[in-house]
Amino acid sequence: LLIGVKFLQLAALALSQAVMIYFIIYVLGKGYGFLSLYGVVVSVCMLAGPPLCLLALRRYDKRQVFTCVSLIYAALVLSWYWASAAEPVSLFMLRAVLLGLCSGGMLMMGQAMLPDTIAYDYQRTGLRREGLFAGIYTMAEKFAFAVGGALSGLILGFMGYVSSTTGYSEQPATAIAAIYWCMSVLPAALVLISCVV
């Protein structure tokens, strides 16, 4: 179950991150520098997510905190669906801050539940299989990023994305719709399914 949750969440993350550059350029009409700023803000805020989850763990159990952070993340990712070039930069950055906090929290809570899973397996079987679980967990992470990235490429290609080696190229409405879906709806759906799991 934990591997399923992590796979879905990391595939969602990979899916949206793979199209982030296209979203910033073709939807928001910003430059590459804007992507760098977004990356820095998200990365710094990811570091603050785990301490906030630790505070929440004083009152709630791991599953509740994990689910809550995941639901907030899904809502934030889904909000990209309504973003446009007219959106204020402050709203874009607020979303980056909150996504960073939630991403850091989701990653930590998944890692925090791995020792619980290992301990549960030991209680059930009497076998020490920490290495096996850690290996499967790591493999699932790598596979999720591969699947999420590949899925975004397949969807963009199917929807008519026009690639270019020289920079900006005009995109059809179907490609813009695919960028929106890969950035918002599909990742949000994957995270919501992970909450059910």
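In this predicted model, Trp82 sits in the loop that runs between helix α3 (62-78) and helix α4 (89-125). Is Trp82 buried or exposed? With a relative accessibility of 60%, Trp82 counts as exposed, because the bar for that label is anything over 50%. Trp82 doesn't work alone on the surface, either: together with Leu78, Tyr81 and Trp181, it makes up a nonpolar patch of about 440 Å².

From the surface, the next stop is the empty space. Rolling a probe the size of a water molecule over the atoms shows where such space is left. The largest pocket found here comes out at a volume of about 530 Å³. Its lining takes in 20 residues, and those that lie nearest the centre are Leu1, Leu2, Val5, Met113 and Thr117. Quite a few helices chip in: α1 (2-27), α3, α4, α5 (130-158) and α6 (173-196) each give two or more residues to this lining. Which helix gives the largest share? That would be α3, with 5 residues. Sorted by class, the lining of the largest pocket holds 12 nonpolar, 5 polar and 3 charged residues.

The second largest pocket has a volume of about 250 Å³. Around it are 15 lining residues, with Leu52, Cys53, Cys68, Val69 and Ile72 nearest the centre. Here the elements that supply two or more residues are α2 (32-56), α3 and α4. Helix α3 again turns up with the largest share, this time 6 residues. As for the classes, the lining of the second largest pocket splits into 12 nonpolar and 3 polar residues, with no charged ones.

Then there are the cavities, meaning spaces where the probe fits but cannot get out. How many cavities of 30 Å³ or more does the structure hold? The count is 2. The largest cavity has a volume of about 60 Å³, and the residues lining it are Lys6, Gln9, Leu10, Leu13, Tyr73, Ser103, Met106 and Leu107. Two or more of these lining residues come from α1, and the same goes for α4. It's α1 that gives the most, with 4 residues. In terms of class, the lining of the largest cavity has 5 nonpolar residues, 2 polar ones and 1 charged one.

The second largest cavity has a volume of about 40 Å³. Its lining is made of Leu28, Lys30, Phe34, Ser84, Ala85, Glu87, Pro88, Val89 and Phe92. Of these lining residues, 6 are nonpolar, 1 is polar and 2 are charged.

Glu87 is worth a second look, since besides lining the second largest cavity this residue takes part in a salt bridge. Side chains of opposite charge can pair when their charged atoms come close. Across the whole structure, a search turns up 4 salt bridges. In one of them, Glu87 is joined to Arg95, and the closest N and O atoms are 2.9 Å apart. Where do the two partners stand in terms of accessibility? Glu87, at 12% relative accessibility, counts as buried, and Arg95, at 6%, counts as buried too. Both labels follow because buried means under 20%.

Another salt bridge links the side chains of Arg129 and Asp121, at 2.5 Å from N to O. Here the partners fall into separate groups: Arg129 is partly exposed, since its relative accessible area is 28%, while Asp121 is buried, with just 5%. Arg128 and Glu130 also meet through their side chains in a salt bridge, at 3.3 Å from N to O. Arg128 counts as exposed because its relative accessibility is 58%. Glu130, on the other hand, reaches 34%, so Glu130 counts as partly exposed.

One last residue rounds off the tour. Phe145 is found in helix α5, and its relative accessibility of 41% makes it partly exposed. How many residues apart in sequence are Phe145 and Gln17? They are 128 residues apart along the chain, yet in space their C-alpha atoms are 9.8 Å apart.

Key: Residues numbered from 1 in each chain as written. Predicted model: local features only at pLDDT ≥ 70, side-chain atom pairs only at ≥ 80, totals over all residues. Heavy atoms only, no water. Patch = residues over 30% accessible without salt bridge, like charges linked within 9 Å, V, L, I, M, F, W, Y side chains within 5 Å. Areas by Shrake-Rupley, 256 points an atom, 1.4 Å probe, with all protein chains shown as cover. Buried < 20%, exposed > 50% of the residue type's maximum accessible area, 1.4 Å probe, protein only. 1 Å grid on protein atoms, 1.4 Å probe; cavity = no way out; pocket = protein on both sides within 12 Å on 5 of 7 lines; lining within 4 Å. Points joined across faces, edges and corners; volume = space filled by probe spheres on them. Nonpolar A, V, L, I, M, F, W, Y, C, P; charged D, E, K, R; others polar.
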